[in-house]
Amino acid sequence: LEKTKAPLEKRDLVYNSLHDKYCIPCLDIALHLKGLYVKIAQIVSSRPDFVPPQYIELFTSVQDSIPQSSIEEVVEIVNENLQSEFGKNFDEVFESIDPIALGSAS
């Protein structure tokens, strides 16, 4: 837009509309990819000095709450790690697991 010699106000409107349009898909992608991408979204949300406000406002939600994994997924991950690290199954180490999470984190 700079090459078009458009006024700064018009450029800001265009950029803001693009940020409005793409901030939600960006968060959805980060949540889908999990791990490092959620961490990046958390870091981005704390940098208003160079990230547009649309992203700051939306990405702040992943600072303290993200969608939790299913209990089946958690048990599978724990079981895989127990087997590879200690040669034990989930049932040999744990009597039970509460299916309701106390919280979720990245």
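Buried residues have under 20% relative accessible area, exposed residues over 50%, and partly exposed residues lie in between (1.4 Å probe, protein chains only). The views below show a predicted model, in which local features need pLDDT of at least 70 and side-chain atom pairs count only at pLDDT 80 or more, while totals for chains, interfaces and linings use all residues. Residues are numbered from 1 along each chain as its sequence is written, and side-chain values use heavy atoms, with hydrogens and water left out.

**View A. Salt bridge between Glu73 and Lys34.** A salt bridge is a side-chain nitrogen of Lys or Arg within 4 Å of a carboxyl oxygen of Asp or Glu. In this pair the closest N and O atoms are 3.1 Å apart. Glu73 belongs to helix H4 and Lys34 to the loop between helix H1 (8-33) and H2, so the bridge ties together parts that are 39 residues apart in sequence. Helices (H or I, at least four residues) and strands (E, at least two) are DSSP runs, numbered from the N terminus. Glu73 is partly exposed, at 29% relative accessibility, and Lys34 is likewise partly exposed, at 40%. The backbone of Lys34 has a positive phi, near 60°, in a residue other than glycine.

**View B. Salt bridge between Asp49 and Arg47.** The whole structure holds 2 salt bridges, and the pair shown here has its closest N and O atoms 2.4 Å apart. Asp49 is exposed, with a relative accessibility of 55%, whereas Arg47 is partly exposed, at 33%.

**View C. Surroundings of Ser45 in the loop between helix H2 (36-44) and helix H3 (53-59).** Ser45 is buried, its relative accessible area being 8%. Its side chain makes a polar contact of 2.5 Å with that of Gln63. A polar contact is a pair of N or O atoms within 3.5 Å; within protein, one must be able to donate a hydrogen and the other to accept it, and residues adjacent in sequence count only if both atoms are side-chain atoms. Residues up to four places away in sequence aside, Ser45 touches Ile56, Phe59, Thr60 and Gln63, where contact means heavy atoms within 4.5 Å.

**View D. The largest nonpolar core.** A nonpolar core is a set of buried Ala, Val, Leu, Ile, Met, Phe, Trp, Tyr and Cys residues joined through side-chain atoms within 4.5 Å. This one has 11 residues: Cys23, Leu27, Ala30, Val38, Ala41, Val51, Tyr55, Ile56, Phe59, Val62 and Ile66. H1, H2 and H3 each supply at least two of these residues. Ile56 is in contact with Val44, Ser45, Arg47, Pro48 and Val51, leaving aside its neighbours within four places in sequence.

**View E. Cys23 and Cys26, two cysteines without a bond between them.** A disulfide is a pair of cysteine sulfur atoms within 2.5 Å, and by this rule the count is 0. The sulfur of Cys23 is 7.6 Å from its closest cysteine sulfur, in Cys26, which is too far for a bond. Cys23 is buried, at 7% relative accessibility, while Cys26 is partly exposed, at 34%.

**View F. Helix H4 (residues 71-86) and its end.** The expected span of a helix is 1.5 Å times one less than its number of residues. For the 16 residues of H4 this gives 22 Å, and the end C-alpha atoms are 21 Å apart, which agrees. Just after H4, Gly87 adopts a positive phi of about 70°.
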